[in-house]
Amino acid sequence: HRKGSYARNCLLARRLLERGTRFVQLMHSGWDQHSNLRAGHTDNAAAVDLPIAGLLKDLKSRGLLQTTLVVWAGEFGRTPRHNGGGGRDHWGACQSIVMAGAGIKGGQVYGKSDKIGMYPAESPVSPGDVGATIYSLMGVSPSAEIVDQTGRPHPLVRGDVIRGIL
């Protein structure tokens, strides 16, 4: 990624939302730190922390945060312990996600991991619960079904809305 490109993308996202775009996805590559974790995460944090804070501040000041759901997440978590290369590998048992706007109560932490971040210890949620919450906040019933070409119904998502964050 080029220096400042994520900040420009956050600004573009805000401008798109101001003009009525209903879904915007931003990507930041480089989080897959299987080695040299300290340097990689220092660079990543420098690239995204201030732009995300600025995006949230801009959305709030323009009255858009009430109707805009912001989700900041990776595709899974990271091993609690470093590997032999000074990095962390893929870990599906525990992960952190940041959510803001669209009815999410701000300034809270929901759930808790064990002391090393290996497994959920309090208020665990599933990927389906996250999906159900996102759909619900977007105005889509999480209990909706999708019918395939043969007429068979499939649940949109298997999970429950995380009421504790609303």
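Trainee: Against which element do the buried residues of α3 pack?

Mentor: In this model, which is predicted, the buried residues of α3 pack against β4. The residues of helix α3 (residues 127-137) that are buried are Gly128, Asp129, Val130, Gly131, Ala132 and Thr133. Just after α3 comes Gly139, with a positive phi of about 85 degrees.

Trainee: Why is Ala102 called buried?

Mentor: The relative accessible area of Ala102 is 15%, and a residue is called buried when that value is under 20%, so Ala102 meets the cut-off. Ala102 is placed in the loop between β4 (98-100) and β5 (112-113).

Trainee: Which residues beyond four places in sequence is Ala102 in contact with?

Mentor: Once the neighbours within four places in sequence are set aside, Ala102 is in contact with Leu65, Gln66, Thr67, Thr68, Leu69 and Leu137. As for Leu64, its C-alpha atom is 8.8 Å from that of Ala102 in space, although 38 residues separate the two in sequence.

Trainee: What makes the pair Arg14 and Glu18 a salt bridge?

Mentor: The closest N and O atoms of Arg14 and Glu18 are 2.9 Å apart, and the cut-off is within 4 Å for a side-chain nitrogen of Lys or Arg and a carboxyl oxygen of Asp or Glu, so the pair qualifies. Arg14 and Glu18 are 4 residues apart in helix α1 (residues 5-18), which means that about one helical turn separates them.

Trainee: How do you know whether Arg14 and Glu18 are buried, partly exposed or exposed?

Mentor: Arg14 has a relative accessible area of 10%, and with buried set at under 20% Arg14 is therefore buried. Glu18 has a relative accessible area of 36%, and the range between buried and exposed ends at 50%, so Glu18 is partly exposed.

Trainee: What ties Asp58 to Arg14?

Mentor: A salt bridge joins the side chains of Asp58 and Arg14, with an N to O distance of 3.5 Å. Because Asp58 lies in helix α2 (residues 37-61) and Arg14 in helix α1, this pair ties together parts that are 44 residues apart in sequence. Asp58 itself is partly exposed, at a relative accessible area of 24%.

Trainee: What distance, N to O, is found in the salt bridge of Glu18 and Arg62?

Mentor: The side chains of Glu18 and Arg62 meet at 2.7 Å, N to O. Glu18 lies in helix α1 and Arg62 in the loop between α2 and β1 (70-72), so here too the parts that are tied together are 44 residues apart in sequence. Arg62 counts as partly exposed, with a relative accessibility of 38%. A network of salt bridges links Arg14, Glu18, Arg19, Asp58 and Arg62, and the whole structure has 6 salt bridges.

Trainee: How do you know whether the span of α2 agrees with its number of residues?

Mentor: At 1.5 Å a residue, the 25 residues of α2 should span 36 Å, and the end C-alpha atoms are 35 Å apart, so the two values agree. Helix α2 nevertheless has a kink of about 30 degrees, centred on Ala45. After α2 comes Gly63, whose phi is positive, near 70 degrees.

Trainee: What covers the buried residues of α2?

Mentor: The cover includes α1 and β1. Among the buried residues of α2 are Leu37, Gly40, Pro51 and Asn44.

Trainee: What makes the link between Asn44 and His28 a polar contact?

Mentor: The side chains of Asn44 and His28 are joined at 2.8 Å, and a polar contact needs N or O atoms within 3.5 Å, so the distance satisfies the cut-off. Asn44, which is found in helix α2, is buried with a relative accessible area of 2%.

Trainee: Which residues make up the largest nonpolar core?

Mentor: The largest nonpolar core has 12 residues, namely Tyr6, Cys10, Leu17, Ala47, Val48, Ile52, Leu55, Leu59, Leu64, Leu65, Val70 and Ala100. Two or more residues of this core come from α1 and from α2, and the largest share, 5 residues, comes from α2. Apart from this core lies another, of 5 residues, including Met99, Val130, Ile162 and Ile165. In soluble globular proteins, nonpolar side chains tend to be buried together.

Trainee: What does Leu59 touch, not counting residues up to four places away in sequence?

Mentor: Leu59 touches Arg14, Leu17, Leu64, Leu65, Thr68 and Val70.

Definitions and conventions. Residues are numbered from 1 along each chain as its sequence is written. This is a predicted model: local features need pLDDT of at least 70, side-chain atom pairs count only at pLDDT 80 or more; totals for chains, interfaces and linings use all residues. Side-chain values use heavy atoms; hydrogens and water are left out. Buried means under 20% relative accessible area, exposed over 50%, partly exposed in between (1.4 Å probe, protein chains only). Contact means heavy atoms within 4.5 Å. A nonpolar core is a set of buried Ala, Val, Leu, Ile, Met, Phe, Trp, Tyr and Cys residues joined through side-chain atoms within 4.5 Å. The expected span of a helix is 1.5 Å times one less than its number of residues. The bend at a residue is the angle between axes fitted to the seven residues ending there and the seven starting there. A polar contact is a pair of N or O atoms within 3.5 Å; within protein, one must be able to donate a hydrogen and the other to accept it, and residues adjacent in sequence count only if both atoms are side-chain atoms.
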